[in-house]
Amino acid sequence: MNESPDPLLDLLHLLDLEQIERDIFRGVSRSAVVPRVFGGQVAAQALVAAGRTVPADRAAHSLHAYFLRAGDPGAPIVYSVDRIRDGRSFTTRRVVAVQHGQPIFHLSASFQTYEEGMEHQAPMPAAPDPETLPTAAEMLPRYADRFSDPGVVDRLIEARAAVDLRYVDAPPFGTVGEAREPRSQVWFRTNGKLADDPLLHVCLATYVSDMTLLDSVLLAHGRGGWAVGDVVGASLDHAMWFHRPFRADEWLLYDQESPSASGGRGLGQARIYTADGRLAITVIQEGVVRIPR
């Protein structure tokens, strides 16, 4: 395993897109666990591209995206931003990510100036202290015998080296064959401090949000996931609403569940809370989840 001496710095460089025209940006990819571009990377890079065309006093409050084609990790991705609307309070951007002359991803994002308003939120669910839970490097080797490819554990650890992601209960590949309640919790934060730029924290949360959201679909059916080989799948669409300020370098609780699976698709929905109980983000994603023939 060729792990970078500073994986978080590598991730920040990945999100620091090259601007090649006024509203056109270019990004590269990092090696992924699977032979395609990680969906969270494309979503985060697209949000970076959108955010760089928006005044700094307007914070991202929602995104809606579709994954159209598998990305090629060996080729650059070009992000074209369309300035749909610049209103007094809200700004809307549309981003298309292109590789090899074809769109692979489409995102719409909305940004808002700060304003006071009514306040309420769903309460934070119970969860153990993240410091009492094993890190990925401590947890993943326990399940090495579940994977047909012996290199999967090292690739998973390397892919998550920039983020400290800790499962509250065993992940799907830890309880293969045992159907469980379709709920999952993980704590996460970046492995290192970040600058104070709010867009950076939103983009990093977007990156992480695609890592585990469909786990609850697998849990309902006792499936271990793509690495075990008992399902095949991919993200179809992804939506996020950013309710309150947060820091991605401080612990965030990702409380996930699946209300439905049908037609070869599974739906995951989640809420992300700060450690002090503030509801920061709501996430919904549908993905292809198929049993191999």
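Are Trp-187 and Trp-251 buried or exposed? Both residues are buried: Trp-187 is, and so is Trp-251. The structure open in the viewer is a predicted model, and this tour proceeds from one selection to the next.

**The tryptophan pair**

Please keep Trp-187 and Trp-251 selected. The aromatic pairs in this model come to a count of 6. In the case of Trp-187 and Trp-251, the ring centres are 6.5 Å apart and the planes stand at 80°, so the pair is edge-to-face. The two residues belong to distant parts of the chain, 64 residues apart. Trp-187 is in strand E8 (residues 183-190), whereas Trp-251 is in the loop between strand E9 (232-242) and strand E10 (252-262).

**Along strand E8**

Next, select Ser-184, which also lies in strand E8. Ser-184 is buried, its relative accessible area being 9%. Leaving aside residues up to four places away in sequence, the contacts of Ser-184 are Tyr-167, Asp-215, Leu-219, Tyr-254, Asp-255 and Gln-256.

**The aromatic cluster**

Now move to Phe-173, in the loop between strand E7 (163-167) and E8. Phe-173 is buried, with a relative accessible area of 9%. Together with Tyr-143 and Phe-147, Phe-173 forms one aromatic cluster. Residues that Phe-173 touches, beyond those up to four places away in sequence, include Met-139, Leu-140, Arg-146, Gly-224 and Val-228. Add Arg-223 to the selection: Phe-173 and Arg-223 are 50 residues apart in sequence, and the distance between them in space is 7.2 Å, C-alpha to C-alpha.

**Helix H4**

Select residues 152-159, which make up helix H4. Which residues of H4 are buried? They are Val-152, Val-153, Leu-156 and Ile-157. These buried residues lie on the same side of H4, because the arc they cover around the axis is only 130°. In an α-helix there are 3.6 residues a turn, so residues three or four places apart point the same way. To see what the buried residues of H4 pack against, add helix H3 (136-139) to the view.

**Helices H2 and H5**

Finally, display helix H2 (residues 39-51) with helix H5 (residues 198-209). The axes of H2 and H5 are 7 Å apart, and the helices pack at an angle of about 160°. That angle makes H2 roughly antiparallel to H5. The two helices cross in a right-handed manner. On the H2 side, the residues to show are Gly-40, Gln-41, Ala-43, Ala-44, Leu-47, Val-48 and Gly-51. They meet Leu-199, Val-202, Cys-203, Thr-206 and Tyr-207 in H5.

Notes: Residues numbered from 1 in each chain as written. Predicted model: local features only at pLDDT ≥ 70, side-chain atom pairs only at ≥ 80, totals over all residues. Heavy atoms only, no water. Phe/Tyr/Trp six-rings, centres within 6.5 Å; stacked < 30°, edge-to-face > 60°. Helix = DSSP H or I, 4+ residues; strand = E, 2+ residues; numbered from the N terminus. Buried < 20%, exposed > 50% of the residue type's maximum accessible area, 1.4 Å probe, protein only. Arc of directions from axis to C-beta. Contact = heavy atoms within 4.5 Å. Axes fitted to C-alpha atoms, helices over the stretch in contact; angles between N-to-C directions. Parallel < 35°, antiparallel > 145°, perpendicular 65-115°, else oblique. Left-handed = near helix turned anticlockwise from the far one by under 90°.
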